[in-house]
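Okay, thanks for squeezing me in this morning. I'll put the model up and walk you through it, and please shout if you want to stop anywhere.

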Amino acid sequence: MLHFTIRRLLLAIPTLLFISLVIFLLLDLAPGDPMASIPLTVPPEVKEKMREALGLGEPVHIRFLNWLYQFFVVEPQVAFDHLFGTNFAEGKQRIISFQSRSPVMSVVAERMPQTLWVVGLSYIFATLIAVPIGIISAYRQYSWFDQIGTFISMIGFSIPTFFSGVLLIVVFSVILGWFPSIYDTTHEVTDWSSFVYQMKQMAMPVFVLTLYNAAQVSRFMRASMLDNLNQDYVRTARAKGLSEKVVVLVHVLRNSMIPVVTVIALGVPTIFGGAIITEQVFQVNGLGQMLITAIYASDAPMVQTLTFIFAVLIVLFNLIADILYGILDPRIRYD
Amino acid sequence: MADGAEPVLNVRDLNTVFKTRSGSVHAVNSVSFSLKPGELLGVVGESGSGKSVTMMSLIGLIPSPPAQVSGTGVEFGGMDLLKASDDELRRIRGARIGFVFQDPMTSLNPVFTVGYQIMEPLRKHMKMNKADARRRAVELLELVGIPDAERRLKDFPHQFSGGMRQRVMIAIALACDPEVLIADEPTTALDVTIQAQILELMHELRAKLGMAVIWITHDLGVIAGIADRVLVMYGGQIVEHAPVKELFQHPKHPYTRALLKTIPSVRGERADRLEVIEGQPPILRAAPTSCSFSARCEFCFERCLNENPPRFDVGHGHDTACFYDFDANGPRHQPNMAMTQLAGGVGDAG
């Protein structure tokens, strides 16, 4: 397994380099001008100077190599300096956002907590809710519980988050006034009442995303359980006189988790990607929202860096899913 | 075979009906039989004749719904299994009644080690601790002839061959020294040499451990080699019941006779075509009111279409559910066996 992991990690390097090149070239080909939002009164030659100042005067391959150097050498050095108080990165050029002229990674670090709290929490909730629902739905197939579960997950699946989000805002913020409609990032949790406020402002975005994710995972879980409940080994387990609890939660569940764990692991990178639309609806200034605004502003370094981070996460969690698969299923051996 | 001994299992008038959306299916119809300690009872019949469903109904292994199991009684160890609670049945399954199923490739859980799966019933029923259960598991694997048992406990089912997996299944079934072992086509999925090894093993184990065995199969050759008594099932009913020699020498039911005819002979001229029984076994939508074999039977006459034949005692511990008397070559004029006599076990067998 270790051998497999190392081999896969090494193979990931060329893959990721290629991905970063493709992203870079796509962004370079895309129309749009970082100077578009500069007032028209600014003379064209000044704009040209500003473009050059952003490094846009260099040829494509130089800019790409620069970005690679900054991302893989300078930014890790900065992080290292930050952690250990050294100064390896002193005087070196970091990846700078066109919009804010501040280092991209600092902005990412600022935005990350909101995204992790809202999207990450909803993902954890979704998994915790969906797995038991899937198990019970499958065990009591066509029961009332299953029918209601199917109905709700159909809703979760088919209603887009921009609709359910707005609906929640209308009902719970506008009509009932229970929850704030806008997520206040500057809010700090210091005491009980501020904690309650934090919970309140997280409630709706977390709920919307939980519903959506839980709908998917519970369907997967149910299908996987149903596949396994009819297997011969389940009959064997019952013939051994084991209780239904052991039969279902040990014998069937262990087998059913194999595909579901893969689905869950592959979904984790989307947490970091942020739920772009939901963050927009609730004004959570997380990574997803940042990506959208960066695209609008033709902020190539920001988009490039964020997209590449997502790519790294996707490759990484693919690997983790494969490893988990190998751990859960003894029939799969990678070496 | 222990003559006259108290039966360890006594089934009286067992019925299983599957209630499905497209109507009900009567899979087991008024099945009665008894099993004596230490004997091997063979159950034969083609696919869909209700062999497996009968045995699984006894012990609550048929999911209900859709199945409904009813009957006069299933006596086992002083209790009526039909009236037993799910918990009581669980205490019997795996502890006092062991099961071996048809397909050893799928009957073991692929994600747990063989050792874990053998130790499970030991820890559950015999309350053994881990170390004791381990010791016993090694013993069991050695008993069923798996070499290097100690090390193989840590292996997963996919690391065993088909025959070895079936041995593991047998080890699991025997784990708690059951009084009855129900083997549901245990050799059907295996090739012939492995089948012979498993049969040999069963012979040995029965001599060593002395449990009673119900052996379900559709292979008459296997039955001839291993059984003491045979039940022939058709359409969810027992159509003939006899000691094994008696059955093969004097089959009294047209179905049994037809089955025996279908066995191709390896000696002499090879026949142009294989013998078959024309037609399909019935799917019973209601409790039978006529002989369920009548549509395929060459001896069928009017009475067979109007009445479901009861089991007639024909002597030598032999009974058959047929209105045609092969000894007289004509319709039978004989009162049927009283149900009570059946229930007491056909004691004069052999």
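**A walk through the two chains**

So, chain A has 12 helices and 0 strands. Reading from the N terminus on, the elements go α-α-α-α-α-α-α-α-α-α-α-α. Before I go further: this is a predicted model, so please keep that in mind throughout.

For the overall dimensions, the C-alpha atoms of chain A fill a box of roughly 85 × 60 × 40 Å along the principal axes. There are 335 residues in chain A, and 32% of them are buried. Now look at the contacts in chain A with a separation of 6 or more: 70% of those come from residues 24 or more positions apart.

Next, a couple of backbone details. Which residue sits in the loop between α3 (60-84) and α4 (104-139) of chain A with an unusual entry in my notes? That's A:R101, and its phi is positive, about 60°, although it is not a glycine. For context, most residues other than glycine have a negative phi. A:R101 counts as exposed because it has 9 C-beta neighbours inside 10 Å, and the cut-off for exposed is 12 or fewer.

Further along, in the loop between α4 and α5 (144-158) of chain A, you'll find A:Y142. A:Y142 is not a glycine either, and its phi is positive, near 70°. With 9 C-beta neighbours inside 10 Å, A:Y142 counts as exposed.

On to where the chains meet. How many residues does each chain put into the contact? Chain A gives 19 residues and chain B gives 22 residues. On the chain A side, α8 (232-239) and α9 (244-273) each supply at least two residues. Of the elements there, α8(A) gives the most, with 7 residues. If you sort that side of chain A by class, you get 6 nonpolar, 6 polar and 7 charged residues.

Last stop, a helix pair inside chain B. The axes of α4 (residues 114-125) and α7 (residues 162-174) of chain B come within 8 Å and cross at roughly 25°. That angle is under 35 degrees, so α4(B) is roughly parallel to α7(B). The crossing of α4(B) past α7(B) is right-handed.

Who's touching whom? From α4(B) we have B:V114, B:Q117, B:I118 and B:P121, and they meet B:V168, B:A171 and B:I172 in α7(B). By class, that contact has 6 nonpolar, 1 polar and no charged residues.

That's my tour, so over to you.

Note on methods
Residues are numbered from 1 along each chain as its sequence is written. Chains are lettered from A and ligands numbered from 1 in the order in which they are written. This is a predicted model: local features need pLDDT of at least 70, side-chain atom pairs count only at pLDDT 80 or more; totals for chains, interfaces and linings use all residues. Two residues are in contact if their C-beta atoms, placed from the backbone, lie within 7 Å. Helices (H or I, at least four residues) and strands (E, at least two) are DSSP runs, numbered from the N terminus. Ala, Val, Leu, Ile, Met, Phe, Trp, Tyr, Cys and Pro count as nonpolar, Asp, Glu, Lys and Arg as charged, and the others, Gly among them, as polar. A residue is buried if 20 or more other C-beta atoms lie within 10 Å of its own, exposed if 12 or fewer, and partly exposed in between; C-beta atoms are placed from the backbone. Axes are lines fitted to C-alpha atoms, for helices over the stretch in contact, and angles run from 0 to 180 degrees between N-to-C directions. Angles under 35 degrees count as roughly parallel, over 145 as roughly antiparallel, 65 to 115 as roughly perpendicular and the rest as oblique. A crossing is left-handed if the near helix is turned anticlockwise from the far one by less than a right angle, and right-handed if clockwise.
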